[in-house]
Amino acid sequence: MLKLSREDYESLRAHGEETYPHECCGVLLGKSGVDGNHVHKIVRAGNTRTDRAHDRYNIAPEELIRVQRQARGLGLDIVGFYHSHPDHPAQWSQTDFEEAHWVGCSYIITKIDKGKATVTNSFLLSGTSEEDKKFLDEPVDVLAGQVDSAKEKAQV
Amino acid sequence: MKIHIPTPLRQYTGGQQTVTVDGANVGEALQHLTTNYAELRNHLYTGEGKLRSFVNIYLNDDDIRYLPEKEATKTGDSDELTIIPSIAGGN
């Protein structure tokens, strides 16, 4: 299960509305727990696919490196990514699958229907390698407050 | 020098997000990395020994594919390599 705060959930959906009719994209920072990925912070990223931003996205490696440094500084990891599907279902596409390489990470997709965010789904990239990877449907738990993995662990 | 490991590959470095290896140049550092952590090799390179197309390796802020000397670029102890798989997709 993917856990994230209501604030982050609404923010990533709003991002997709802001960039409509183009795809938005961003990075999920947090911690990976036994019960799934916990998002503590989302970071908006630029879509470098300006040639066909309506149905493609790409995050520049340089930006990813900056985000990864930011995560290290916060004691967090990259636990996933998000992007939008303008006027297209919130389901992973063949392109999404072929371009997904972060096994163990969550890939959130939000459908933006005529400029309005509707369905948001998450998919966990599972497997051990490029050869056996697969997307699994991943329930999303939207929490009222901030996600605090340490506190959750202490309460267990 | 330090090599930063992305989340999905840390299972092959004993959970370490950063490992330290020796190497006079980028190629040597990567060679030591995959010698010390042999399971990484298949995730970084194709069967023909070429860096997988979706794997980006940066020496500090530079993609090694675009460095004039590429993997032969000399490195020092204070340099850092970052392995960063690509992020892309679309409907």
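**Pairing across the chains and the elements around it**

In strand β6 of chain B (residues 87-89), B:G89 is the bridge partner of A:Y57. The model described here is predicted, so local features need pLDDT of at least 70, side-chain atom pairs count only at pLDDT 80 or more, and totals for chains, interfaces and linings use all residues. Residues are numbered from 1 along each chain as its sequence is written, while chains are lettered from A and ligands numbered from 1 in the order in which they are written. Helices (H or I, at least four residues) and strands (E, at least two) are DSSP runs, numbered from the N terminus.

The bridge at A:Y57 belongs to a pairing between chains: β4(A) and β6(B) run antiparallel and share three bridges. Two strands are said to pair if DSSP finds at least two bridges between them. As a general reminder, strands of a sheet pair through backbone hydrogen bonds, either parallel or antiparallel.

Turning to the contact between the chains, 29 residues of chain A and 19 residues of chain B take part. The elements of chain A that give two or more residues to the side touching chain B are β4 (57-59), α2 (61-74), β5 and α3. The largest share of that side, six residues, is supplied by β5(A). By class, the side of chain A that touches chain B holds twelve nonpolar, ten polar and seven charged residues. Here Ala, Val, Leu, Ile, Met, Phe, Trp, Tyr, Cys and Pro count as nonpolar, Asp, Glu, Lys and Arg as charged, and the others, Gly among them, as polar. Contact itself requires that the C-beta atoms of two residues, placed from the backbone, lie within 7 Å.

Just before β4(A), A:R56 sits in the loop between β3 (36-45) and β4 of chain A. A:R56 is buried because 21 other C-beta atoms lie within 10 Å. A residue counts as buried with 20 or more other C-beta atoms within 10 Å of its own, as exposed with 12 or fewer, and as partly exposed in between, the C-beta atoms being placed from the backbone. Leaving out residues up to four places away in sequence, A:R56 touches A:E23, A:R49 and B:G90. A:R56 and A:T95 are 39 residues apart in sequence, yet their C-alpha atoms are 8.6 Å apart in space.

Within chain A, β5(A) is largely enclosed by the rest of the structure, because ten of its ten residues are buried. β5(A) runs antiparallel to β2(A), to which six bridges join it, and A:L28 stands opposite A:G80 of β5(A). With strand β6 of chain A (residues 106-113), β5(A) pairs in the parallel sense over seven bridges; there, A:H83 has A:I109 as its bridge partner.

Helix α1(A) has 14 residues, which at 1.5 Å a residue should span 20 Å, and its end C-alpha atoms are indeed 20 Å apart. The expected span is 1.5 Å times one less than the number of residues. The buried residues of α1(A) are A:D8, A:Y9, A:L12, A:R13, A:H15, A:G16 and A:T19. These residues cover an arc of only 145° around the axis, so they lie on the same side of α1(A). The arc is that of the directions from the helix axis to the C-beta atoms.

In chain B, five strands form an open sheet with mixed pairing, in the order β2-β1-β5-β3-β4. β2 (18-20) and β4 of chain B stand at the edges with a single partner strand each, so one side of each has no neighbour in the sheet. α2(A) packs on this sheet, touching β1 (2-4), β3, β4 and β5 (80-85) of chain B, and its direction makes about 110° with that of β5(B). For such angles, axes are lines fitted to C-alpha atoms, for helices over the stretch in contact, and angles run from 0 to 180 degrees between N-to-C directions. At the β4(B) edge, two bridges join β3(B) to β4(B) in the antiparallel sense, with B:L59 and B:D62 as bridge partners.

Helix α1 of chain B (residues 26-36) has B:V26, B:A29, B:L30 and B:L33 buried. Seen down the axis, these fall within an arc of 95°, so they line one face of the helix. Their cover includes β1, β2, β3 and β5 of chain B.
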